[in-house]
Amino acid sequence: MGLEEKLPSGILLTSVEKLAGYARKSSVWPATFGLACCAIELFATGGARHDLARFGMERASATPRQADLMIVAGRVSQKMAPVLRQIYDQMSEPKWVISMGVCASSGGMFNNYAIVQGVDHVVPVDIYLPGCPPRPEMLLDAIVKLHDKIQNMKFGVNRDQEITDLEQARLRRLPLVASMSGPVPGTTAAGSAAAESTTAGSTETGSTETGQ
């Protein structure tokens, strides 16, 4: 039983981060940026069947200064990349990016000099949405996940610390970074040492059997 159970009704307990996160996730305005066939699925998401207005996102801004979400729907050519970056820079802070479809995420089938092999080479991406093209239901799922990310976003020094912790955890997963060696996040040093000793013992046993 939490503290809120002991208080009279009508009292709301929350934090500034949670309150601001709730307001932000409920008023995300996407920028119109359809590049290829994925944009057709993006248009369908705003129709009556899927009803993007349920999330308060039916207002597609024609100007980037009144938008805070860029949905990159389709492949990004080398000529379009500077335009995309300029629109991203003109968007209001805080802003987020959804890479819709495999062509926007990794170049897809267009593995050539004319197409950017992943829009994350141009702008930072928050959500990667697979598919060729992804269905409107998949885009709605990506938007819900983005809302959850916005809801739990921290502020100020807490935000900087969160970014640092995520970077450190990611670097520990890379086997070639010697300077970041240490226990895997979620495990203890003793557990890592035991795992290493078990691996070493298995290697020695295998060498002995091979020699016989």
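Angles from 65 to 115 degrees between helix axes count as roughly perpendicular. In this predicted model, helix H2 (residues 38–45) and helix H5 pack at an angle of about 75°, with their axes 9 Å apart, and the two helices are therefore roughly perpendicular to each other. On the H2 side the contact is made by Glu-41, Leu-42, Ala-44 and Thr-45, while H5 contributes Pro-136, Leu-139 and Leu-140. By class, the residues of this contact of H2 with H5 divide into five nonpolar, one polar and one charged.

The strands form an open sheet of four, in the order S1-S2-S3-S4 and with parallel pairing. Strand S1 (30–31) and strand S4 (127–129) stand at the edges, and because each has a single partner strand, one side of each is left without a neighbour in the sheet. Strands S2 and S3 run parallel and are joined by five bridges; at one position, Ala-73 has Met-100 in S3 as its bridge partner. Pairing of this kind rests on a general principle, namely that strands of a sheet pair through backbone hydrogen bonds, either parallel or antiparallel.

Helix H3 (residues 81–90) has Ala-81, Leu-84 and Tyr-88 as its buried residues. Seen down the axis of H3, these buried residues fall within an arc of 60°, so they line one face of the helix. An α-helix has 3.6 residues a turn, so residues three or four places apart point the same way. Among the elements that cover the buried residues of H3 are strand S2 (69–73) and strand S3 (96–100).

Two individual residues, one in a helix and one in a strand, are set out below.

| Residue | Element | Relative accessibility |
|---|---|---|
| His-147 | helix H5 (residues 136–151) | 9% |
| Leu-129 | strand S4 | 4% |

Since buried means under 20% relative accessible area, His-147 counts as buried at 9%, and Leu-129 likewise counts as buried at 4%. When residues up to four places away in sequence are not counted, His-147 touches Lys-25, Val-28, Phe-55 and Met-57. On the same basis, the residues that Leu-129 touches include Ser-99, Met-100, Gly-101 and Val-102, as well as Pro-134, Met-138, Leu-139 and Ala-142. Of these, Met-100 is also the bridge partner of Ala-73, and Leu-139 also belongs to the contact between H2 and H5. Leu-129 and Ile-98, finally, are 31 residues apart in sequence and 7.2 Å apart in space, taken from C-alpha to C-alpha.

How values were computed. Residues numbered from 1 in each chain as written. Predicted model: local features only at pLDDT ≥ 70, side-chain atom pairs only at ≥ 80, totals over all residues. Heavy atoms only, no water. Buried < 20%, exposed > 50% of the residue type's maximum accessible area, 1.4 Å probe, protein only. Arc of directions from axis to C-beta. Contact = heavy atoms within 4.5 Å. Pairing = 2+ DSSP bridges. Axes fitted to C-alpha atoms, helices over the stretch in contact; angles between N-to-C directions. Parallel < 35°, antiparallel > 145°, perpendicular 65-115°, else oblique. Nonpolar A, V, L, I, M, F, W, Y, C, P; charged D, E, K, R; others polar.
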